[in-house]
Amino acid sequence: MIFGCKSLVSLAIIQWMARKMFLGIRIDPELKKSLEEMGHAEERSVSQVCEFLLRKGIDAYKKEGAKYLRRSATREKH
């Protein structure tokens, strides 16, 4: 069978991934470790955790605008 069940699943995954974009960023090793721990605890990949957190941050930014980033950046400095 050319298109057995495994082949169809693999094809579906490739098509799904082809719709995603790649973003490479540099982060502190501690932040990466925290993301890996979150992913492990939630049985998710680091990529899935990052996408979730980015979406939540973008939603908050859309609601609050630049205030959101300024407030968050002020908290980080202390």
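Q: Which residues make the nonpolar surface patch of about 590 Å²?
A: Happy to start here: this is a predicted model, where local features need pLDDT of at least 70, side-chain atom pairs count only at pLDDT 80 or more, and totals for chains, interfaces and linings use all residues. Side-chain values use heavy atoms without hydrogens or water, and residues are numbered from 1 along each chain as its sequence is written. A patch takes residues with over 30% relative accessible area (Shrake-Rupley, 1.4 Å probe) and no salt bridge (Lys or Arg side-chain nitrogen within 4 Å of an Asp or Glu carboxyl oxygen), joining nonpolar side chains (Val, Leu, Ile, Met, Phe, Trp, Tyr) within 5 Å and like charges within 9 Å. Here the members are Leu-23, Ile-25, Ile-27, Leu-31, Leu-54 and Ile-58.

Q: Which helix holds Leu-54?
A: Helices are DSSP runs of H or I with at least four residues, strands are E runs of at least two, and both are numbered from the N terminus. The protein has four helices and zero strands. Leu-54 belongs to residues 46–64, helix α3.

Q: How far apart are the end C-alpha atoms of helix α2?
A: The expected span is 1.5 Å times one less than the number of residues. For the 14 residues of α2 (residues 29–42) that gives 20 Å, and the model agrees: the ends are 20 Å apart.

Q: Which element has the lowest mean pLDDT?
A: pLDDT is the predictor's confidence in each residue, from 0 to 100, and its mean over the protein is 82. Helix α2 has the highest element mean, 96, while the lowest, 63, belongs to helix α1.
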